[in-house]
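User: I would like the reasoning behind some of the labels used for this model. Please set each value against its definition.

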Amino acid sequence: KNIEIIPGFNTPGHMDAILSAMEKLGLQDVRFTGTNGAKSKTALNLTNQDARNFTQESFKKYVQYFKKKGVKIVNFGADEYANDLGFDQYGGFKALNRMELYGTKQGFAGYVNEVAKIIKDESMRPMAFNDGFYYNNVEPNQKFDTDIIISYWNAGFDRYTLASARKLRDKGHKILNTNDAWYYVLGFEYGGWYGLPYATGNMSKAQHKFDKVTGDNTNVDTIGSMVAIWADNPAKAYRFSNLERLIKTFKAQNPGFIVKEEVKLGKAVTLKFETKEGQKLAEPIIVVDEGQPLRTKYDANRLLKLSSNVIYYANPTLKQNSAQIMGAVKQTEQVVTFVYSTVAGEKNYFTLRNNRRERIKS
């Protein structure tokens, strides 16, 4: 219920099946060749225009299909390019950079922008993992499209030097917190790296909370968080109850961000007004007459709660004007109007009628 799907189609890495399909159809030299002459099992040869076209045309069909299903965001991965050849010398983004195929139009940066454009042309938002963006702090000649949402999962490790979430944010990208400290690989039920105890144990640590992006000591504004459950070993047995346990643990460890939808709401009105200082607040007031005030994921750090029945987006310095705000509110609607912030950071206005959420124009 009320779950939106973000489909994933990984390119130009993690393309094992598509590369095999192209070879069976007669296309040649479709795989990336490392600096040691070895062929990648997973990565596309970016210099092969036929392979590049085939991949993008296939990708476009999926994008168009999901557009008809109402999808708003498509994740095209773009992570761990040719890491099967090693990421310190012969393969990966470091090898691409040595071959002058990282920051060029014909290389990784140009390819990523082409894929993002396919998604944007269908009026959807592109998303990708962070690995390849400004890898090793290289500034590409072909600038990355800043409309790409960065799903930030890892800050790097020995010989795998990744740009920080703060840098990517400063470059203009929106950040989705996909901290791999929460990763759970199905079948790893009792322990090990990315096992269930690893994920649930990390969720209780202060540095791995909902709004804590891995690798940054201070908070980086995000558009939300994503818990990843991977099927790296599809044949491995797992317990479905452990998926539920993972989600419940995440919710319990982040009470200020994840709340139940079932909350009694009363009459409400959204309006704009000015403070005594003449400052305009462009965000809506949300008035709730009964039950608990409606909360969003920003409740812990961006919402100022003025009283038991009023919350609104504002700067804390405006708190002294609460009395004037209360006086400005008039209940002109018999239904609840509230703001729901999407993962893309856009504000959509909805009305709740008979327990059904209906979108209305802002």
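User: What makes the pair formed by Asn-48 and Asp-50 at the start of H2 a polar contact?

Analyst: A side-chain oxygen of Asn-48 comes to within 3.1 Å of the backbone nitrogen of Asp-50. A polar contact is a pair of N or O atoms within 3.5 Å; within protein, one must be able to donate a hydrogen and the other to accept it, and residues adjacent in sequence count only if both atoms are side-chain atoms. The model is predicted: local features need pLDDT of at least 70, side-chain atom pairs count only at pLDDT 80 or more, and totals for chains, interfaces and linings use all residues. Residues are numbered from 1 along each chain as its sequence is written, and side-chain values use heavy atoms, with hydrogens and water left out.

User: How do you know that the span of helix H2 agrees with its number of residues?

Analyst: The expected span is 1.5 Å times one less than the number of residues. H2 (residues 49-68) has 20 residues and should therefore span 28 Å; its end C-alpha atoms are 29 Å apart, which agrees. Helices are DSSP runs of H or I with at least four residues, strands are runs of E with at least two, and both are numbered from the N terminus.

User: Which residues of H2 are buried, and why are they said to line one face?

Analyst: Ala-51, Arg-52, Thr-55, Gln-56, Phe-59 and Val-63 are the buried ones. Seen down the axis of H2, they fall within an arc of 120°, so they line one face of the helix. The arc is that of the directions from the helix axis to the C-beta atoms. On the other side of H2, Asp-50, Lys-61 and Lys-68 are exposed. Buried means under 20% relative accessible area, exposed over 50%, and partly exposed in between (1.4 Å probe, protein chains only). The cover over the buried residues of H2 includes helix H1 (16-24), strand S2 (39-44), strand S3 (73-75) and helix H4 (108-121).

User: Why is Val-71 called buried?

Analyst: Val-71 has 9% relative accessibility, so it counts as buried. Val-71 lies in the loop between H2 and S3. Not counting residues up to four places away in sequence, it touches Ile-5, Pro-7, Phe-66 and Met-124, where contact means heavy atoms within 4.5 Å. Val-71 and Met-124 are 53 residues apart in sequence, with their C-alpha atoms 7.4 Å apart in space.
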